[in-house]
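Q: Could we go through this model together, beginning with the ligand site and then turning to the backbone?

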Amino acid sequence: MTDLEKMQGDLLGRIAAADDLDTVEAIRVEALGKSGSVTALLKSLGKMTPEERQAEGPRIHGLREAVTEAIARRKATLERAALDAKLAAETIDMTLPADTPLSGTVHPVSQVMDELAEIFADLGFAVATGPEIEDDWHNFTALNIPESHPARAMHDTFYFPEAEDGERKMLLRTHTSPVQIRTMMQHKPPIRIIAPGRTYRSDSDATHTPMFHQVEGLVIDKGITLGHLKWTLETFLKAFFERDDIVLRLRPSYFPFTEPSAEVDVGFTVEKGKRVIGGSDGWMEVLGSGMVHPKVIAACGLDPDEWQGFAFGCGIDRLAMLKYGMDDLRAFFDGDLRWLKHYGFSALDVPTLSGGVGA
Ligand code: DAH
């Protein structure tokens, strides 16, 4: 065995046996560093005669390549093993209960939905739901908005491509009002429900997002009047804004599914340059409402001479903005953790009427 072969066998043996990265690095410096043993051999090529160089050159370069490659391979193996060990040590069992305080927060929209459910449960209302992918009939036709009605154009509806059989036109519901229809068709009156949920319209600016939230209210019973509607809304808004000086103004309006219809404004006062709900310095529109149109009641298979009722619809995001002082709707759906930390609510702080719904 020549000296070079012996040297190569010795170095490769030590590299293979090295069990940490520092040892591999030490061998690299010892062999390939400035004054390393292999470097010295490379330097010696300069002093050789051309014949010697021709014979020794390839062998010395071969040695350098073999050592370089063995070092790289050993390094990669050790690095992978180190990473595997680290990953194994840092495994988290996601099924274990949290042992540190929860850092997630309840989104203001979820908080307001919980507050609404709490307030209306106290008034005897159940929570109803319906699909977000609706058909044309529930979203429009049954609500007295026939095919040619201008209200259809006003809704900026997201339609699905026409179905093959051309039967039911599907869409993303533009309001929570179709839940009125589904509820009346599934349950016998008396009915008292609220239906909070997501709604969709093709619209986007500081006060509109393509997905937003509404809450629908519906009461169907015998002898229901506008007076019941006004009292219910007043009681709801007082509980929601946690103030007794809530003043409502009902303005005559038009919705195809109610007759008569009213838009409801809530009075505000200006405190330190900011609008605060309560009092009556100015008016802000908060919801649409009215007595359920006899045609809507009939479309659901009920006799409008026997059953009457009122309905209302209200933007939840707007309610949250008014109550909790947020001014850009788009931030609601950005998923920015800093915003959520600032405006979010503790998951353990469930709204209750006794504790204050917004506590
Ligand atoms: N669906 C209406 C909208 O999205 C809101 C509305 C108005 C709902 C009057 C109602 C109502 O139930 O009675 O603009």
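**Ligand site and backbone**

Q: Which pocket does the ligand take up?
A: The ligand occupies the largest pocket. A pocket here is an open set of points on a 1 Å grid over the protein atoms alone, with protein on both sides within 12 Å along at least five of seven lines. A molecule sits in a pocket if more than half of its atoms lie within 2 Å of its grid points.

Q: Which elements give two or more residues to the shell around it?
A: They are β5 (211–221), β9 (282–292) and β10 (308–315). Strands are DSSP runs of E with at least two residues, helices are runs of H or I with at least four, and both are numbered from the N terminus.

Q: What kind of model is this, and how are residues numbered?
A: It is a predicted model, in which local features need pLDDT of at least 70 and side-chain atom pairs count only at pLDDT 80 or more, while totals for chains, interfaces and linings use all residues. Residues are numbered from 1 along each chain as its sequence is written, and side-chain values use heavy atoms, with hydrogens and water left out.

Q: How many residues surround the ligand?
A: There are 15, and the closest are H175, S177, R201, Q214 and E216. A residue is near if one of its heavy atoms lies within 4 Å.

Q: And by class?
A: The shell has 4 nonpolar, 9 polar and 2 charged residues. Asp, Glu, Lys and Arg count as charged; Ala, Val, Leu, Ile, Met, Phe, Trp, Tyr, Cys and Pro as nonpolar; and the others, Gly among them, as polar.

Q: Which polar backbone atoms lie by an oxygen atom of the ligand?
A: A polar backbone atom of A311 is 3.2 Å from a ligand oxygen, and one of F312 is 3.4 Å from a ligand oxygen. A polar contact with the ligand is a pair of N or O atoms within 3.5 Å.

Q: How much of the ligand does the protein cover?
A: The protein covers 90% of the 360 Å² of accessible area that the ligand has on its own, by the Shrake-Rupley method with a 1.4 Å probe.

Q: Changing topic, where are the cis peptide bonds?
A: One joins P189 and P190, with omega about 5°; P190 lies in the loop between α8 (178–186) and β4 (191–200). Another joins E259 and P260, with omega about -5°, and P260 is placed in strand β7 (residues 258–271).

Q: What is the phi of E242?
A: E242 is not a glycine, yet its phi is positive, at about 55°.

How values were computed: A polar contact is a pair of N or O atoms within 3.5 Å; within protein, one must be able to donate a hydrogen and the other to accept it, and residues adjacent in sequence count only if both atoms are side-chain atoms. On a 1 Å grid over the protein atoms alone, a cavity is a set of points where a 1.4 Å probe fits but cannot get out, and a pocket is an open set with protein on both sides within 12 Å along at least five of seven lines; lining residues have an atom within 4 Å of a point.
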